[in-house]
Amino acid sequence: MALFEAIHLHKRFGDQVVLEDISLTFEAGQLSGIMGPNGAGKSTCFNVLTGHYKPNAGKVMFEGKDITGLPPRVIAGMGIARSFQLMNLFDEFTVIENILVALPESVAKSFNIGHDIMGNSSATDRAADVLAKVGLTGRELELAGNLPYGERRALEIGVALASEPRLLFLDEPTQGLGADGTARLEELIGELKKTYSIVIIEHDMKFLFGLADTISVIHWGQVIAQGSPDQLRDNEWVRASKIGDAA
Amino acid sequence: MSTSFAKKTPFITRPMIVLFLALGTFPLWGTSVGLYDYLGVEIVIWIIYALGFNLLLGYTGLPSFGHGAFFGVGAYSYGLFQLNVFESVWLAVAAGVVGGAVVAGLVACFISHRRGIYYALMTIAFGQVCWFVSMKWHTVTGGEDGLLNVHRGTLNLLVTDASLKDNADLFYFAFAVLVAVVLILWRLVHSPYGKALQAIRMNQMRAGFVGYNVWLIKWSVFTLSGAIAGLAGGLFAIAQESAYPDVMSLHASGFVVMMTLIGGGFVSFWGPVIGAIVFFVARDFLGSITETWLLWYGLMFMGVIIFKPEGIAGAFQDFVAKRRARVEN
């Protein structure tokens, strides 16, 4: 059984069909990529998969359970975390507080008004561990809003990791990063790949080809190609877009 | 882990001790500086009200501009309970809390999926509905005159009874309630619940994706805030020996917003406390000079919003930070 499956998804906004019969499968322990040109429906697809939008038809399955149309918080509770393309942090919290509020035990205790969350050393230690994973050790007490762009990207992934997900979705993680930042991110994700099942949506093909085990290409709201990076290098669309050369 | 980032939240802090000592002794020194006991009662009641209000505005970022409704419901609940049910200060105050919570809980059902301007407008609308009902439902509320026969009663303290007739005695009772509210809210804002409130203020969507039940948290904090407003309203009914529609009006609802903002509720737990004190001192001080004191208070409010939106607490924090920087250099 696949870890995550999308089966015949359709999504319309008014008259406009954005996703047309999309089926995707993500296996546990793998890094799966979704790519495609701007406007291909990648982001919509991502938002449907993570519960932000409801599909008009089709099913989304996680670990054999139907999660179609469940609210994001329920999906999050089942072990799916996501990062955002546009930065989505708690800016007035410190870096470590950003992680702390995202820990499952904080969410579980969200109506416990007697618990001293900042004084719980096992929780703060765990948060510090997450920060170490994304390379933010030493920045714990900085306000998230004051971090430089690259570190905000890393924290964005850290917040997603904090929930100890069984499946991690990353939405265009290289967005806005320069060559240096992208290289560092590639290293970080290469490291995370060893412990997490990951799905990345990305238009930087070079980045994705270097990391992914399998890639699905989406265009005009449909999956037009699927396979390993090697298989896709020979794909017509990838070749036509000339970015295959770069990979 | 070499360094731990755990930082325990103390139950009692220095600002608390300062507040409790300075305010708790008010009847002993108030009159000698030209103030009077009843002013202390008012200040304490509005501090409670503003602290509860700031859970919504400052912590969760939810603008409630009709909050007087719950203060008023608390006052009416106190009066109606005392006049129709049972003669007990404790139970009547409890009725105020429950009344505020129930009405706020109902209102919250209709607004908790909203935020920003729509949230604000709907709170105004519901506030106006409550005010209108209190004006028109003569048989229950006494209409514009309000409930007239409310009396202060005696407080059952198990070993002894204390009459609340004297303003100083009423002050100590209200102050004891304030101490409890401060201690509880201080824990609350440092709990996972308090962090969730702030997370919703900063980024409601992300809070949902992290796994928080945003709707339920917004509903509960509005209800809680309404309960605290009801508590303050119940005390107000004792103080005024009456309950009347004026406290539910839009301009009375505006006072608590102004207090919280001038004091600096967005940046400090203590903002509403400072704001309530400043408001009443300004009322008495400016009011003794000119009848149009609200005009000057309003100008002061505008000045704060333009030049220091973080309020008095924000200005104080800047001052402390600057001084610390000077000492370190």
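**A walk from the sheet of chain A to the helices of chain B**

Start by selecting Ser32(A) and Thr214(A): Ser32(A) sits opposite Thr214(A), which belongs to E9(A). Labels like E9 count DSSP runs from the N terminus, with helices being H or I runs of at least four residues and strands E runs of at least two.

Before you go on, note that this is a predicted model, where local features need pLDDT of at least 70 and side-chain atom pairs count only at pLDDT 80 or more, while totals for chains, interfaces and linings use all residues. Residues are numbered from 1 along each chain as its sequence is written, chains are lettered from A and ligands numbered from 1 in the order in which they are written.

**Stop 1: the sheet in chain A**

Now widen the selection to strand E3 (residues 31-35) and strand E9 (residues 214-219) of chain A. These two run parallel and are joined by 4 bridges; two strands count as paired if DSSP finds at least two bridges between them. Further along, Met35(A) has Val217(A) of E9(A) as its bridge partner.

Next, add strand E10 (residues 222-227) of chain A, which runs antiparallel to E9(A) and is held to E9(A) by 5 bridges. Pick out Ser216(A) and you'll find Gln226(A) of E10(A) opposite.

How many strands form the open sheet of chain A? There are 6, in the order E6-E7-E8-E3-E9-E10, and the pairing is mixed. Strand E6 (80-82) and E10 of chain A are the edges; each has a single partner strand, so one side of each lacks a neighbour in the sheet. From one strand to the next, the twist averages 20°. Angles here run from 0 to 180 degrees between N-to-C directions, and axes are lines fitted to C-alpha atoms, for helices over the stretch in contact.

Bring in helix H1 (residues 42-49) of chain A: H1(A) lies across E3, E7, strand E8 (198-202) and E9 of chain A, at about 150° to E7(A).

**Stop 2: two positive phi values**

Zoom in on the hairpin of E9(A) and E10(A), which has 2 residues between the strands. Trp220(A), in that turn, has a phi near 45°, which is positive although the residue is not glycine. Most residues other than glycine have a negative phi. Trp220(A) has 14 C-beta neighbours inside 10 Å, so this residue counts as partly exposed. The scale: buried is 20 or more other C-beta atoms within 10 Å of a residue's own, exposed is 12 or fewer, and partly exposed is in between, with C-beta atoms placed from the backbone.

Glu164(A) is another one to click on, with phi near 50°. Look for Glu164(A) in the loop between helix H6 (149-162) and strand E7 (167-171) of chain A.

**Stop 3: buried spots in chain A**

Select helix H3 (residues 95-102) of chain A. Is H3(A) mostly covered or mostly uncovered? Mostly covered: 8 of its 8 residues are buried, including Glu97(A) and Asn98(A). The buried residues of H3(A) pack against helix H4 (104-108), helix H5 (121-133) and H6 of chain A, together with H9 and H10 of chain B.

Then try Met205(A), in helix H8 (residues 205-211) of chain A. Met205(A) is buried, having 23 other C-beta atoms within 10 Å. Show Gly36(A) too: the two residues are 169 apart along the chain, with their C-alpha atoms separated by 8.9 Å.

**Stop 4: over to chain B**

Colour the interface: 27 residues of chain B are in contact with 35 residues of chain A, a contact being two C-beta atoms, placed from the backbone, that lie within 7 Å. On the chain B side, the elements giving two or more residues are helix H8 (167-189), helix H9 (192-202) and helix H10 (204-210). H9(B) has the largest share, 6 residues.

Finish with helix H13 (residues 271-289) and helix H14 (residues 293-307) of chain B, which pack at an angle of about 130° with their axes 9 Å apart. H13(B) and H14(B) are therefore oblique to each other; under 35 degrees is roughly parallel, over 145 roughly antiparallel, 65 to 115 roughly perpendicular, and the rest oblique. For the contact, show Ala282(B), Arg283(B), Leu286(B) and Gly287(B) of H13(B) with Trp293(B), Trp296(B) and Tyr297(B) of H14(B).
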